Amino acid sequence: MSSPVLQAVAVKKHYRLAKHEIPVLRGIDLSVQAGETVALLGASGAGKSTLLHVLGLLDPPTAGEVHFDGQRVDNLTIGQRAALRHRHVGFVFQFYHLIPELTALQNVLLARMMTTSVWQFWRQRKQAKAAATALLEQVGLGDRLRHRPSELSGGERQRVAIARALLAEPKVVLADEPTGNLDSTTARGVVDLIFEIQRQRGLAFLLVTHDERLAQRCHRIVRMQDGVVVS
Ligand SMILES: Nc1ncnc2c1ncn2[C@@H]1O[C@H](COP(=O)(O)OP(=O)(O)OP(=O)(O)O)[C@@H](O)[C@H]1O
Ligand SMILES: [Mg+2]
């Protein structure tokens, strides 16, 4: 744990709706070190998801700077940001965001398609399939490879999403209420899995949650209120 892998410096984010400016992030300073786990807590509407999207290179800030692995990234083009994101950032969302028509294996493989050209993907399809299969086995879904999301339980869907987030071997995993849609026993299994993989791989992990007990499992807790960090 030494150098920040993610850093927000005086980050502001406004949304514009018709003529109204809605200030959502109002000057955020936050660093996440390599290998560090950070929980982000705060009331609904505090700006947690917005901050996660800005730090994960999904959305640019309105003002301030975002640094990824020592590189300033807020001023990159959309394409450059997307390339970095696909290569180095894994996302896990509350509602999984899986493609319903694709099998578990295909959903995971999609992450590889995003990082290579069609030609490269075709040439490396056997290795990609082997890597995706190995990840699904690691998350306990070796016997569910050909199931579509509708043929999987909630916890199993989230495990597919975790495998998908890991295929590119990211440096950072950002999770937005990953257990918000699961019963407590299933949630515990999913969280245990995430922390096990985080430790194995030395990933930086930023977790948005409303669950204090879950937050306590992280190295550090950051609390947000009305678009600022309060502790
Ligand atoms: N695309 C958008 N356009 C306009 N306003 C938005 C947009 N996205 C979010 N907001 C507003 O920004 C504020 C923060 O939203 P955000 O989703 O970051 O909150 P949150 O802390 O993740 O809340 P929750 O715990 O409910 O998920 C909210 O008031 C929301 O209405
Ligand atoms: Mg949210």
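Colleague: Let's start in the middle of things. What makes you say that both faces of β8 are covered?

Modeller: Look at the two sides in turn. A204, L206 and V208 are on one side, F205 and L207 are on the other, and all of them are buried. Buried here asks for 20 or more other C-beta atoms within 10 Å of a residue's own. Please keep in mind that this is a predicted model.

Colleague: And why is β8 called largely enclosed?

Modeller: Strand β8 covers residues 204-208, and 5 of its 5 residues are buried, so the rest of the structure largely encloses this strand. The split between two sides fits a general picture, too: in a regular strand the side chains alternate between the two faces of the sheet.

Colleague: Which strands does β8 pair with, and how do you know?

Modeller: Two strands count as paired if there are at least two bridges between them. β3 and β8 are joined by 4 bridges and run parallel, while β7 (residues 172-176) and β8 are joined by 5 bridges and also run parallel. Both counts meet the cut-off, so both are pairs. You can find L207 of β8 as the bridge partner of A39, and L207 is the bridge partner of A175 as well.

Colleague: What is the order of the sheet that holds β8?

Modeller: The order is β6-β7-β8-β3-β9-β10, an open sheet of 6 strands with mixed pairing.

Colleague: What makes β6 and β10 the edge strands?

Modeller: Each of them pairs on one side only. β6 runs parallel to β7, with 5 bridges joining them, and V89 stands opposite V172 in β7.

Colleague: How do you know that the pairing is mixed?

Modeller: Follow β9 (residues 220-225). With β3 (residues 37-42), β9 pairs in the parallel sense over 5 bridges, but with β10 (residues 228-229) the pairing is antiparallel, over 2 bridges. Both senses occur, so the sheet is called mixed. M224 of β9 is a handy place to look: M224 is the bridge partner of G42 and stands opposite V229 in β10.

Colleague: What do β9 and β10 form together?

Modeller: They form a hairpin with 2 residues between the strands, and D226 in the turn has a positive phi of about 45°.

Colleague: Now the other sheet. What is its strand order?

Modeller: That open sheet has 4 strands in the order β2-β1-β4-β5, and the pairing is antiparallel. β2 (20-33) and β5 (71-72) each have a single partner strand, so one side of each has no neighbour in the sheet.

Colleague: β5 covers just 71-72. How do you know that β5 pairs with β4?

Modeller: β4 (residues 63-68) and β5 share 2 bridges in the antiparallel sense. The cut-off is at least two, so the pair qualifies. H67 stands opposite R72 in β5.

Colleague: Which strands of this sheet does helix α1 touch?

Modeller: α1 (residues 48-55) packs on the sheet, touching β1 (4-17), β2 and β4, and its direction makes about 120° with that of β1.

Colleague: Let's move to a pair of helices. Why are α6 and α7 called roughly parallel?

Modeller: The axes of α6 (residues 154-166) and α7 (residues 184-201) cross at roughly 15° and come within 9 Å. Angles under 35 degrees count as roughly parallel, so these two helices earn the name. The crossing is right-handed. Among the contact residues are I162 and L166 of α6 and V190 and L193 of α7. By class, the contact has 6 nonpolar, 5 polar and 1 charged residues.

Colleague: One residue to finish. Why is L102 called partly exposed?

Modeller: L102 has 15 other C-beta atoms within 10 Å. Buried needs 20 or more and exposed needs 12 or fewer, so L102 falls in between and is partly exposed. L102 lies in the loop between β6 (89-93) and α3 (104-115), and touches N107 and L110, leaving aside residues up to four places away in sequence.

Colleague: Which residues of α3 are buried, and what do they pack against?

Modeller: The buried ones are A104, L105, N107, V108, L109, A111 and R112. They pack against α4 (118-123), α5 (125-138) and α6.

How values were computed:
Residues are numbered from 1 along each chain as its sequence is written. Chains are lettered from A and ligands numbered from 1 in the order in which they are written. This is a predicted model: local features need pLDDT of at least 70, side-chain atom pairs count only at pLDDT 80 or more; totals for chains, interfaces and linings use all residues. Two residues are in contact if their C-beta atoms, placed from the backbone, lie within 7 Å. Axes are lines fitted to C-alpha atoms, for helices over the stretch in contact, and angles run from 0 to 180 degrees between N-to-C directions. Angles under 35 degrees count as roughly parallel, over 145 as roughly antiparallel, 65 to 115 as roughly perpendicular and the rest as oblique. A crossing is left-handed if the near helix is turned anticlockwise from the far one by less than a right angle, and right-handed if clockwise. Ala, Val, Leu, Ile, Met, Phe, Trp, Tyr, Cys and Pro count as nonpolar, Asp, Glu, Lys and Arg as charged, and the others, Gly among them, as polar.
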